Amino acid sequence: MTTALTTFLPAAAALGVVAQLAFWGVRRGWTGLIGINRLRRDLTPLHDQWVAENETYKDLRGRIEEVHRQIGVLDDRLVQIGRDISKLERTPPIFVHTLGQPGSSVRPFHGEVMFDSLAARAAGRAVSPAWHYANQLVVYATDIDSARREVERVFPEKAGYTRSLSVGTVRPAAVH
C-alpha cells in the first residue's frame, strides 16, 4: 500500500500541475481570443481618467457648497442691512454745524442751534428744510467765551437763531 501511494502521489501532483497550466493557458488563450486583454488595455486609461474627473467633480462640488454657504451668509447680511436702512430712513436727520478748525491748542465745544422758522416765514423769507430737524454745533475754540463769540457771529440772535453751548459732547446720530 505504501508503494502504490508513493508512486501515485507524484503522478497526481504532476497531473494537477499540468491541469492548472492547461487551465491558465486555455483561459489566457480564450481571453485573448475574445479581446478581453485589448479591452483591458483600452479601458484602463478610461478608468483612470474617470477617477481623475470624479475627484475633480468632488472638488468642484465642495467649492460650490462653500460658495452657497457664503451666499447664504451674504444674503443674511443683506437682509440685516436692509433692516438697518429702513430703520435709518424712519429716523429724522441730524445736522452738525462745525465752526473753527481742530488743532492742538483748541478744544471742541458742543451745543445745539435752532431757528425760528415761523417768524422767518411771517417776514416773507424762505426757510431751509434743515431747520425742521435737530441741528448740533461743534465749535473748535481755545475757551468757551471765544466759542460763544464764534457762534454769535455765525448764528446771530437777531436773525432768529436760538443757541446753547456746553463743554459736553454731542451724542452720535444713531443714538437719537
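**A tour from the whole chain to one surface patch**

Among contacts in the protein with a separation of 6 or more, 75% join residues 24 or more positions apart. The model is predicted.

Start with the whole chain, coloured by secondary structure. The protein has four helices and four strands, and along the sequence they follow the pattern α-α-β-β-α-β-α-β. Of the 176 residues, 14% are buried. Switch on the surface: the protein exposes about 13,900 Å², and 61% of that area comes from carbon and sulfur atoms.

Next, select the strands. The four of them form an open sheet in the order β1-β3-β2-β4, with mixed pairing. At its edges are β1 (94-99) and β4 (161-166), each of which pairs on one side only. On average, neighbouring strands of this sheet are turned by 25° against each other, direction ignored.

Now add helix α4, residues 144-154. This helix packs on the sheet and touches β1, β2 (107-115), β3 and β4. The direction of α4 makes about 160° with that of β4.

Hide the helix and keep β1 with β3, residues 134-141. The two strands run parallel and are joined by six bridges. For a single position on this pair, pick Thr98, which stands opposite Val138 in β3.

Last, leave the sheet and select helix α2, residues 36-90. Which residues make the nonpolar surface patch of about 290 Å²? Show the side chains of Leu39, Leu43 and Leu46, which make this patch. Of these, Leu43 has its place in α2.

Conventions:
Residues numbered from 1 in each chain as written. Predicted model: local features only at pLDDT ≥ 70, side-chain atom pairs only at ≥ 80, totals over all residues. Heavy atoms only, no water. Patch = residues over 30% accessible without salt bridge, like charges linked within 9 Å, V, L, I, M, F, W, Y side chains within 5 Å. Areas by Shrake-Rupley, 256 points an atom, 1.4 Å probe, with all protein chains shown as cover. Salt bridge = Lys/Arg side-chain N within 4 Å of Asp/Glu carboxyl O. Pairing = 2+ DSSP bridges. Axes fitted to C-alpha atoms, helices over the stretch in contact; angles between N-to-C directions. Contact = heavy atoms within 4.5 Å. Buried < 20%, exposed > 50% of the residue type's maximum accessible area, 1.4 Å probe, protein only.
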